[in-house]
Amino acid sequence: MAKQDRKRPTEKLGDVAFERGNGGEVHQLAGGDVPTLTTQQGVPVADDQNTLKAGERGPSLLEDQIFREKIFKFDHERIPERVVHARGYGVHGYFENYEPLSDVTSADLFQRAGEKTPVFVRFSTVAGNKGSGDLARDVRGFAVKFYTREGNWDIVGNNIPIFFIQDAIKFPDLIHAAKQEPDRGFPQAQTAHDNFWDYMSLTPEAMAMVMWIMSDRTIPRSFRFMEGFGIHTFRFINAKGKSTFVKFHWKPKQGMQSVVWNEALKINGADPDFHRRDLWDAIQMGDYPEWELGFQLFDEDFADKFDFDVLDPTKIIPEEILPVKRVGKMVLDRCVDNFFAETEQVAFHTANLVPGVDHTNDPLLQGRNFSYLDTQLKRLGSPNFTHIPVNAPRNANVCNFQQDGHMAMTNPKGRANYEPNSWGGEMGGPRENPERGFRSHPTEIGGEKRRLRAESFSDHYSQARQFYVSQTEVEQGHMALALTFELSKVETPAIRSRVVSHLLNIDEELAKKVAKGLRLETMPAPAPAARPTKMDLAKSPALSILMNGPESFKGRKIGVLVSDGVDAALLAGLKKAAKAEGAMVKIVAPMIGGVTASDGSLVEGDEKVDGGPSVLFDAVAVLLSAEGAATLAKEPTAKDFVSDAFAHCKFIAYSPEAMPLFEKAGIADDLDEGCMEIGAAGEAAGFVTMCRKLRHWKREPMVKAV
Ligand code: HDD
């Protein structure tokens, strides 16, 4: 506001001074700790609420550069979202190396015990757009950027150790088929539609991946509770030039955990940001998630003797055959300062390698090495995206003669912008360094130039079967249900049938279950297989989530439904036991202002009952007074709270007074050993110990009728 207009007194809005304008609008004022608002040119702004007008009610003037600059910036806020992995969440942390690994690699970050290297990690879903729900049934991206002293190294992986296709030329078709169908623009963030399953059923090489994506791996409880994989076989090279093949693994120290499908559907409604909020909360609370980095190391001899081609990205090397050597840990301990600047603008690339690491001839990897740089130029708008702080090397200098382009932030100094040059010293700029510089492994390459798929890539079913038979009965049941659910959304019966024809090559029982679930009229013939399936691969227990549980409730959440009159000592006992376990308690109350406990104290609510359904928690407690139970028994969201917790096989603690709510919710007669009455504070500890099993799976056959 121009000085001459300021006739009104200054008021206070919280701590901030403001004035009201002619129309009663609020003008916050600079002063004290409040900085002066400026334009992009640093010019102080007097009035940010009114455009410049000709006359009080007149038209706005084109000369208003303050308005035009503000709207211009706003109009250009969006950049293209990633064509895949659009929805993601990034955080900072560090990698700490356990011991020198110079025998296998000269990569600098692995040379010294205890050395920490900063990292930036972005977790993502694949198919959904940027605004889609976190609990889509989907693969999760697990991309790690190491800021090493020899430059940035990216492991651009997923939470599943294999991929759908063997050759990168198929990637656009795969992604087109998975995303929303082009004529109708839906379904969003889900593979349960005709195009996806049509493509899958015509892509036998995807069958192992189909088994993985139909398992609980694609509905993780949290980014914190999932594994990560580099997928391809890479090469390490040591200082003597010796090469060793390597596959990368990330093992969550929190253990693995997934949700059940009906829960995932409901979480997406209750909190579409469930996964990002979970990571944010854990880091803000100081409960930093950790993963160990593991290597599967092998040589040419092992590769030659292995049943499958180690260059085929649709295959694993079972850990039981080749154990994972744990070499260091990654701790994620800092959220971003700004989501756009870091999470949105970070650019990962499979070809960002450091000396000591190299590619192999995996045809999927080779294609990826083209795609990432290309997409980043489009997405970030300038070849200078490497100047953006999250992408720039942090521990290595950038010294070269590359220059100019849109948004150049750092051009080389000095006279020479080419080499070789005859300018000496600093003026001449940087030079090659054969000792330290990146070198490719001198691999022999020969053969005819042809488009073909190696015969060694042609067994598409053996490892699909191996994955299936390595699961517990509960997990196998979930896979059959997932397939049935997805195919029930497929409108074309022939596609449903074609998928079942592949399942027959994987496991007959599974195929029969799905066929029955779909009410298929006739069982199709098994799909023709390029190579007969080796049905006899040994089970790999490492592939099961449930066989590798954490045996701890650390980092998990108990949702406690309370009412006025809640037993204060009981609640305190539960909170104490949860804290001792490293778990969190969240209070769900009829009103967000909380309830009055039995001792007259106020218990504040974290959630109002309709905003805090039980799907948001790992286990629940229902601690009510008799009066509270009578009231909540009339409240549908309270009934859902307990009936969903029961249906999702959660452990449930309850005060005896809660029974009327259970009766109205229809579960009172079914309470089992996963439900524990806790009448005294001491019993709460027993309940938390019980929760270490995470779910009471024995209940599942009872709560799943169809
Ligand atoms: Fe990819 C992004 C993981 C195959 C092309 N990919 C992207 C991201 C992850 C992966 C985690 C997100 C990175 C981030 O958070 O910014 N992609 C994989 C894995 C694959 C894979 C584990 C198989 C083993 N990808 C793959 C192929 C191609 C691409 C075969 C193309 C030939 N991927 C891309 C991309 C993206 C991408 C189009 C989109 C955004 C970006 O790169 O930066 O270039």
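The following exercises, each with a worked solution, treat a predicted model.

Residues are numbered from 1 along each chain as its sequence is written. In this predicted model, local features need pLDDT of at least 70 and side-chain atom pairs count only at pLDDT 80 or more, while totals for chains, interfaces and linings use all residues.

**Exercise 1. Domains**

State into which domains the chain is divided, and give the separation of the centres of domain 1 and domain 2.

Solution. The chain is divided into domain 1 (1-77), domain 2 (88-159 + 218-387) and domain 3 (552-703); such bounds come from an automatic or database domain assignment. Taken over C-alpha atoms, the centres of domain 1 and domain 2 are separated by 46 Å.

**Exercise 2. The three-stranded sheet**

Determine the strand order of the sheet that contains E1, E2 and E3, and identify its edges.

Solution. Strands (E, at least two residues) and helices (H or I, at least four) are DSSP runs, numbered from the N terminus. Two strands pair if DSSP finds at least two bridges between them. The order in this open sheet is E1-E2-E3, with antiparallel pairing. Strand E1 (11-13) and strand E3 (26-28) each have a single partner strand, so one side of each is left without a neighbour in the sheet. Neighbouring strands are turned by 45° against each other on average, direction ignored; the axes are lines fitted to C-alpha atoms, for helices over the stretch in contact, and angles run from 0 to 180 degrees between N-to-C directions. Three bridges pair E1 with strand E2 (residues 16-20) in the antiparallel sense, and Leu13 has Val16 in E2 as its bridge partner.

**Exercise 3. The six-stranded sheet**

Trace the strand order of the parallel sheet, and then describe the pairing of E14 and E19.

Solution. The open sheet runs in the order E18-E15-E14-E19-E20-E21. At its edges stand strand E18 (607-608) and strand E21 (675-677); each has a single partner strand, so one side of each lacks a neighbour in the sheet. Strand E14 (residues 557-562) is joined to strand E15 (residues 584-589) by five bridges, and Gly559 has Lys586 as its bridge partner in E15. E14 also pairs with E19 in the parallel sense over five bridges, where Val562 stands opposite Leu623. From E19, three bridges lead to strand E20 (residues 652-654), with Ala621 opposite Ala653.

**Exercise 4. Burial and the core**

Are the residues of strand E19 buried or exposed, and between which domains does the largest nonpolar core lie?

Solution. A residue is buried if 20 or more other C-beta atoms lie within 10 Å of its own, exposed if 12 or fewer, and partly exposed in between, with C-beta atoms placed from the backbone. In strand E19 (residues 619-623), five of five residues are buried. Ala619, Ala621 and Leu623 cover one side, and Val620 and Val622 the other. A nonpolar core is a set of buried Ala, Val, Leu, Ile, Met, Phe, Trp, Tyr and Cys residues joined through C-beta atoms within 7 Å. The largest has 159 residues, and Val560 and Val622 are among those with the most contacts inside it. Helix H4 (residues 207-213) gives the largest share, seven residues. Domain 2 and domain 3 both give residues to this core, so it lies between them.

**Exercise 5. The ligand shell**

How many residues surround the ligand, and which element gives the largest share?

Solution. A residue is near a molecule if its C-beta atom, placed from the backbone, lies within 6 Å of it. The ligand is surrounded by 27 residues, the closest being Arg82, His85, Arg122, Gly141 and Ser371. Helix H9 (363-380) is one of the elements that give two or more residues, and the largest share, seven residues, comes from H9.
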